[in-house]
Amino acid sequence: MQQRSIKTKLLLIEDEEKIRKILKIYLKNENFDIIEAEDGQMGLRMFLSLKPEIVVVDLGLPDIDGKEVVKNIREVSEVPIIVCSVRDDDREIIAALNYGADDYVTKPFNPEVLLARINGNLRRVVVNNQNTTKEFLINGPIKIDLLKHEVLIKDRAIFFSPKQYNLLKHLLVNKGKVLTHREILAEIWGRAYLNEHQYLRVQIGNIREKLKECLGKIEMIHTEPGIGYRMDIIDDENEIKSTKIVTKKSSTNSTKEITSEAQ
Ligand code: CA
């Protein structure tokens, strides 16, 4: 990851002092300016007055629910929001993502994993701001011609059914972001289909097959188990920069995981 020259203002809303302390030390070294809030109300006040560039919020807060914090911020801002939750509490994470959070980490987490998520989301905002045109959506080897409704992979036109096209387009528009099953089903199939996970699974499988035919082993659509899917941001065809790879690498690192004493 390229070193950022200007400090990025990060709001950390977390009630456990131990976690705040560790993250503050770790992220300061990575050129972040950390604003700390120990509960949800304080977090919201600080958000409005200090305008951070990214927010990390714990879902288990002493005053208001972390999901409420996400919802309140999302009503006024598009800032990237990463939620932290105790391990395996998928329902909480899914609800937070549906309220507008962009990503998640589960406790106990390795600070490097959180850093990868933070950098991935900051990068997503930059890439999306740069690459937005009315005619094309591009992610590495995939290019969607929005006027012709055509998908080009490595400059070759590939047929996608209307559902597959819409789904692939939705993944490209939201590349780098975790999308929940519900969110995708509502967007592509409509609200009556929120529980039809099978439809989504089948079409994701079809899209993966077509991508595989053109790209070989490169896996651009990642499954977030129990949560949904994420399309990696790819800078060019030869380079796969996935948050997944970073995560895997860092999990073998000796950096101690941050554990949570209480939610
Ligand atoms: Ca907590």
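In which kind of crossing, left-handed or right-handed, does H6 pass H7? Keep that in mind as you look around; the tour comes back to it at the last stop. The model on your screen is predicted.

**The whole chain**

Start with everything shown as a cartoon. The protein chain has nine helices and 12 strands. Of its 263 residues, 36% count as buried. Now think about contacts between residues with a separation of 6 or more: 60% of them join residues that are 24 or more positions apart.

**Stop 1: helices H2 and H3**

Select residues 40-50 for helix H2 and residues 66-76 for helix H3. Their axes come within 10 Å of each other and cross at roughly 20°. An angle under 35 degrees counts as roughly parallel, and H2 and H3 are therefore roughly parallel to each other. The crossing in which H2 passes H3 is right-handed.

Now show the side chains where the two helices meet. From H2, pick Gly40, Gly43, Leu44 and Phe47; their partners in H3 are Gly66, Glu68, Val69, Asn72 and Ile73. Sorted by class, this contact has four nonpolar residues, four polar ones and one charged.

**Stop 2: Lys51, just along from H2**

Move to Lys51, in the loop between H2 and strand S3 (54-58). Its phi is near 45°, a positive value in a residue other than glycine. Most residues other than glycine have a negative phi. Is Lys51 buried or exposed? Lys51 is exposed, because there are 12 other C-beta atoms within 10 Å, and 12 or fewer is the cut-off for that class.

**Stop 3: helix H4**

Select residues 90-98 to light up helix H4. Its buried residues are Glu92, Ile93, Ile94, Ala95, Ala96 and Leu97. To see what covers them, add neighbours to your view: the cover includes H3, which you met at the opening stop, along with strand S4 (81-86), S5 and strand S10 (178-180). Following H4 comes Gly100, with a positive phi near 120°.

**Stop 4: Pro108 and helix H5**

Next, find Pro108 in the loop between strand S5 (103-107) and helix H5 (111-130). Look at the peptide bond leading into this residue from Lys107: the bond is cis, with omega near 0°. Most peptide bonds are trans.

Carry on into H5. If you place a distance label between its end C-alpha atoms, you should find them 29 Å apart, which agrees with the 28 Å that 20 residues should span at 1.5 Å a residue. Colour the buried residues of H5 next: Pro111, Val113, Leu114, Leu115, Ala116, Arg117, Ile118, Gly120 and Asn121.

**Stop 5: Lys154**

Lys154 sits in the loop between strand S8 (150-153) and strand S9 (156-158). Although Lys154 is not a glycine, its phi is positive, about 50°. Lys154 counts as exposed because it has 12 C-beta neighbours inside 10 Å.

**Last stop: helices H6 and H7**

Finally, select residues 162-173 for helix H6 and residues 181-188 for helix H7. They pack at an angle of about 130°, with their axes 10 Å apart, and H6 and H7 are therefore oblique to each other. Here is the reply to the opening question: H6 passes H7 in a right-handed crossing.

Show the contact in sticks to finish. Lys163, Asn166, Leu167 and His170 in H6 meet Ile184, Glu187 and Ile188 in H7. By class, the residues of this contact are three nonpolar, two polar and two charged.

Definitions and conventions. Residues numbered from 1 in each chain as written. Predicted model: local features only at pLDDT ≥ 70, side-chain atom pairs only at ≥ 80, totals over all residues. Axes fitted to C-alpha atoms, helices over the stretch in contact; angles between N-to-C directions. Helix = DSSP H or I, 4+ residues; strand = E, 2+ residues; numbered from the N terminus. Parallel < 35°, antiparallel > 145°, perpendicular 65-115°, else oblique. Left-handed = near helix turned anticlockwise from the far one by under 90°. Contact = placed C-beta atoms within 7 Å. Nonpolar A, V, L, I, M, F, W, Y, C, P; charged D, E, K, R; others polar. Buried ≥ 20, exposed ≤ 12 C-beta atoms within 10 Å, placed from the backbone. Expected span 1.5 Å × (residues − 1).
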